[in-house]
Amino acid sequence: MNEEKIIKIFSNCIIVNGLKRSVIYDLEREEFFHVPNSFYYFFKKYNGKSIKEIKDNNNIENYQTIDEYINFLITNELGFYCDTIEEANCFHKLSLKHETPSHISNAIIDFDNNSSFDFIKIFNQLEELNCQSIEIRFWDVINKYFLIDLLLYLKTSSIRSVELVLKYDNKKNEFLNNIVEFVKLNSRITKIIVYNNPFTKIIKESNAFIIFIKEKITKEDCGKCAEYYFQCNLPFYVEAKNYNSCLNKKIGIDANGEIKNCPSMKQSYGNINFTTLAKVLNNEKFKNLWNITKDKVDICNKCEYRYMCPDCRAYTISNNLYSKPSKCNYDIKTMEWNNKENNLISKNIFSNYEIGISNTSY
Ligand code: SF4
């Protein structure tokens with residue numbers, strides 16, 4: 001190894017420290033890697049320094065670990081060598097500004113047999129707010145022709161992505177057997193979840209995933225935090241650094257027409273039959289929750305996953321707005337998911353080799 005070379009971590013690879021370990025987020029390739037906290041503090045100090053300088057500042061017994069850390073970055077294409085300081089300085093940090101032209105970026109609409117609101121009126125209001133994606137969750141079996149009308153309307157709207165949650169009932173909606181044809185009706189459909197289904201299956205059709213699951217979903221089921229919900233990408237990271245990763249620019253309408261930050265939350269800001277979404281948005285209280293970043297949430301603020309994990313403010317420990325989501329099974333002290341199925345890829349790299357660099361030095 002030429003020790004005059006300078007080691008640099010790619011700008012789109014961010015190391016986030018947690019209570020017991022850190023994670024490198026590769027925001028471009030949407031992958032993440034577990035590393036010890038000493039790795040975080042090491043590169044916070046030495047990113048952009050020559051290998052010679054790094055070794056000159058460390059004891060000889062750490063040289064093997066230093067080489068291992070650097071090799072890990074190079075082998076996994078998380079870092080690269082530069083020949084000069086000038087060259088290394090050409091690579092700037094990522095901008096963490098979060099800007100979107102939408103007043104509302106996403107909406108969730110719940111619907112059941114007792115719902116009495118006008119979908120088209122809601123869609124029109126969402127379009128005026130430049131909403132980009134909507135999720136419609138049907139808690140009762142939906143009439144085929146009603147759904148087709150909705151999808152045909154959305155086909156020409158400015159809303160770009162549509163997700164549906166549908167209840168399966170063999171007697172009432174055989175049309176779900178031909179759901180692939182159904183997806184072709186509207187290219188804006190990105191996901192359909194059919195619950196209560198006799199079997200489990202995932203189909204990819206055009207831009208959409210159609211997911212059949214046996215389990216029954218209810219409105220109380222949202223807010224789960226697990227590895228398969230993680231989003232390790234730049235837009236999510238930047239939003240989570242600045243705003244609440246679940247509620248920012250979100251609006252929810254529950255099955256009774258009550259307008260909320262999310263349909264699962266208690267606080268209503270008016271009923272869609274008597275007020276408008278724009279009026280609700282003018283209420284500053286409605287937007288307060290948008291500013292609760294993971295850094296402000298107890299326990300999550302020490303979790304290495306905090307900028308890839310979707311948040312939930314509807315179900316929190318002790319119903320405290322600044323507490324960890326109550327449906328999260330991750331223990332930041334043991335680094336284990338208490339629910340085994342979530343513990344898919346959690347493992348320490350370098351568990352035997354850590355450099356004793358003090359957290360307080362930086
Ligand atoms: S502790 Fe918080 S940030 Fe970490 S996985 Fe759980 S909910 Fe997500």
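Here are a few notes on the cores, the small set of paired strands and the ligand shell in this predicted model.

1. Start with the largest nonpolar core, which has 42 residues. Ile24, Tyr25, Tyr237 and Met308 are the members that touch the most others in it. Two or more residues each come from β1 (6–9), β2 (13–17), β3 (21–26), β4 (31–36), α1 (37–46), α2 (51–56), α3 (63–75) and α8 (234–242). The top contributor is α1, with 6 residues.

2. Tyr25 is a good place to look around that core. Leaving out residues up to four places away in sequence, Tyr25 touches Cys13, Ile14, Val16 and Phe32, and also Cys232, Tyr237, Tyr307 and Met308. Two of these contacts, Tyr237 and Met308, are themselves among the core members that touch the most others.

3. There is another core, lying apart from the one above, and this one has 34 residues. Phe138, Ile189, Ala255 and Val280 are among them.

4. On to the strands: an open sheet is built from 3 of them, ordered β5-β1-β6, with antiparallel pairing. β5 (49–50) and β6 (79–82) are the edge strands, each pairing on one side only. Between β1 and β5 there are 2 bridges, and Ile6 has Ser50 in β5 as its bridge partner.

5. Last, the ligand. Its surroundings comprise 13 residues, and the closest are all cysteines: Cys225, Cys300, Cys303, Cys309 and Cys328. Sorted by class, the shell holds 10 nonpolar and 3 charged residues, with no polar ones.

Definitions and conventions. Residues are numbered from 1 along each chain as its sequence is written. This is a predicted model: local features need pLDDT of at least 70, side-chain atom pairs count only at pLDDT 80 or more; totals for chains, interfaces and linings use all residues. A nonpolar core is a set of buried Ala, Val, Leu, Ile, Met, Phe, Trp, Tyr and Cys residues joined through C-beta atoms within 7 Å. A residue is buried if 20 or more other C-beta atoms lie within 10 Å of its own, exposed if 12 or fewer, and partly exposed in between; C-beta atoms are placed from the backbone. Helices (H or I, at least four residues) and strands (E, at least two) are DSSP runs, numbered from the N terminus. Two residues are in contact if their C-beta atoms, placed from the backbone, lie within 7 Å. Two strands pair if DSSP finds at least two bridges between them. A residue is near a molecule or strand if its C-beta atom, placed from the backbone, lies within 6 Å of it. Ala, Val, Leu, Ile, Met, Phe, Trp, Tyr, Cys and Pro count as nonpolar, Asp, Glu, Lys and Arg as charged, and the others, Gly among them, as polar.
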